[in-house]
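Reader: I should be grateful for a close look at a single part of this protein, followed outward to its surroundings. Please state the criteria behind each term as you come to it.

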Amino acid sequence: MGTKAETALDDQDNNSASPASPQAVTEASTEPAVAELKQEAPHWGIFVHGATTQQIKERLSKEISEILSLHHMTHICPLALIEPENSIDSFDLDKIFGALTETNPFKDKNVILFLISRGGDAEPAYQISKLCKSFAYDKFIAVVPRQAKSAATLVAIGADEIHMGPLGQLGPIDPQIGGLPALGVSQALRTIASVAQQYPGSADMLARYLQMALTVEQIGYCDRISESAVQYAERLLSTKPNLIPKAAAIAKELVHEYKDHGFVIDIEEARQHLGEYWIKTDTPELKAAEAIYSLFDKVNFFLRLAKSKRLVISGGAALASSILVLDIKTR
């Protein structure tokens with residue numbers, strides 16, 4: 001049997017040729033239901049084995065659209081940065097900009113960003129946050145169902161609202177250089193100076209070690225990039241009238257107060273820093289985010305199992321062009 005459309009055309013041709021018998025009418029009335037049953041998508045665990053990359057992307061984008069529709073979110077501009085293993089970079093900035101210009105060119109919709117990331121570069125994160133705000137008609141909402149660390153936290157604090165669930169977490173804004181924290185360099189220097197002061201005989205040895213390990217330029221760069229993170233955070237926080245008096249202090253806390261890149265800033269701690277009114281939970285947006293993440297996690301699991309590939313969504317939440325199917329450990 002052909003497709004549903006072909007079947008409908010065949011029925012139309014047959015009906016025009018001669019009157020339909022009661023039996024034919026009964027069969028015709030059950031045909032759409034049978035066709036619908038046959039069109040039901042197979043389980044993802046089966047589907048990914050034989051599907052092409054494009055078919056996987058198209059089905060996933062369709063199911064995300066259905067989730068958004070189910071949660072009455074068809075009137076907004078939905079974006080996603082869901083990349084648990086990748087870092088935010090200029091590629092994501094381009095994808096977000098492309099999705100905004102495609103889906104909200106007249107800036108007549110509010111913008112919602114589903115955000116899961118371990119961090120990344122501060123510069124594109126800062127620009128992503130500002131872009132989302134500038135394209136939003138009235139409100140930019142960041143939804144964090146799981147982790148949004150470091151640079152992802154920088155993206156989130158530029159939003160008018162941050163929606164977090166019980167497993168949602170922000171993190172310290174902790175600039176990294178080659179996978180190492182920039183703030184760690186200053187801390188290491190203070191530790192070395194303390195050791196040299198305590199054991200004067202080790203000063204020459206420590207000085208020679210520092211000359212081999214770091215240049216003066218690198219040390220200076222680490223300090224500058226950390227202070228840049230404070231400035232970016234302060235600028236984003238200052239867009240909230242209620243936070244203007246505290247923006248500088250909050251920015252310094254987010255960059256300097258925490259000693260570990262992975263420190264969990266959960267709902268309660270986020271509210272202590274940013275205020276009760278700004279951090280929301282148990283919202284329709286969060287429920288949609290949980291459903292999207294659950295779907296993402298399921299498809300990602302079967303892709304890894306069947307094809308040694310993994311998912312990233314960067315750009316429009318429901319755009320097939322924003323879904324990347326990547327080889328594991330590559331981008």
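What distance should the 18 residues of helix α4 (residues 53–70) span, and how far apart are its end C-alpha atoms?

Author: The model is a predicted one, in which local features need pLDDT of at least 70 and side-chain atom pairs count only at pLDDT 80 or more, while totals for chains, interfaces and linings use all residues. Residues are numbered from 1 along each chain as its sequence is written, and side-chain values use heavy atoms, with hydrogens and water left out.

At 1.5 Å a residue, the 18 residues of helix α4 should span 26 Å, and the end C-alpha atoms are 26 Å apart, in agreement with that expectation. The expected span is 1.5 Å times one less than the number of residues. Helices (H or I, at least four residues) and strands (E, at least two) are DSSP runs numbered from the N terminus; the protein has 13 helices and eleven strands. Just after α4, histidine 72 takes a positive phi of about 60°.

Within α4, the buried residues are Ile56, Lys57, Arg59, Leu60, Ser61, Glu63, Ile64, Ile67 and Leu68. Here buried means under 20% relative accessible area, exposed over 50%, and partly exposed in between, with a 1.4 Å probe and protein chains only. These buried residues pack against the helices α3 (44–50) and α13 (284–307) and the strands β1 (77–83), β2 (111–117), β10 (309–316) and β11 (323–327). Contact in this sense means heavy atoms within 4.5 Å.

Two charged pairs belong to the helix itself. Glutamate 63 forms a salt bridge with arginine 59, with the closest N and O atoms 2.7 Å apart; the term denotes a side-chain nitrogen of Lys or Arg within 4 Å of a carboxyl oxygen of Asp or Glu. Both glutamate 63 and arginine 59 are buried, and they lie four residues apart in α4, about one turn of the helix. Glutamate 66 forms a salt bridge with lysine 62, the closest N and O atoms being 2.6 Å apart. Because glutamate 66 and lysine 62 are four residues apart in α4, about one helical turn separates them. An α-helix has 3.6 residues a turn, so residues three or four places apart point the same way. Glutamate 66 counts as partly exposed because its relative accessibility is 40%.

Beyond the helix, the count of salt bridges comes to nine for the structure. One of them joins aspartate 160 to lysine 133, the closest N and O atoms being 2.7 Å apart. This pair links distant parts of the chain, 27 residues apart: aspartate 160 is in the loop between α7 (151–156) and β5 (161–164), and lysine 133 is in helix α6. Aspartate 160 is partly exposed at a relative accessible area of 25%, and lysine 133 is partly exposed at 32%. In addition, Glu85, Arg304 and Arg310 are linked in a network of salt bridges.

Strand β10, one of the elements packed against α4, also spans the position of serine 314. The side chain of serine 314 makes a polar contact of 2.7 Å with the side chain of aspartate 92. A polar contact is a pair of N or O atoms within 3.5 Å; within protein, one must be able to donate a hydrogen and the other to accept it, and residues adjacent in sequence count only if both atoms are side-chain atoms. Aspartate 92 lies in helix α5 (residues 90–103) and is buried, with a relative accessible area of 0%. A polar atom of its side chain lies 3.0 Å from the backbone nitrogen of aspartate 89.

The nonpolar interior remains. A nonpolar core is a set of buried Ala, Val, Leu, Ile, Met, Phe, Trp, Tyr and Cys residues joined through side-chain atoms within 4.5 Å. In the largest, of 53 residues, Ile157 and Leu170 touch the most other members. Helix α6 (residues 122–135) gives this core its largest share, seven residues. Apart from it lies another core, of 33 residues, including Leu60, Trp44, Phe47 and Phe296. Leu60 is also among the buried residues of α4.

The structure holds zero disulfides, a disulfide being a pair of cysteine sulfur atoms within 2.5 Å. The sulfur of cysteine 77 is 8.0 Å from the closest cysteine sulfur, in cysteine 132, and therefore too far for a bond. Cysteine 77 counts as buried at 1% relative accessibility, as does cysteine 132 at 0%.
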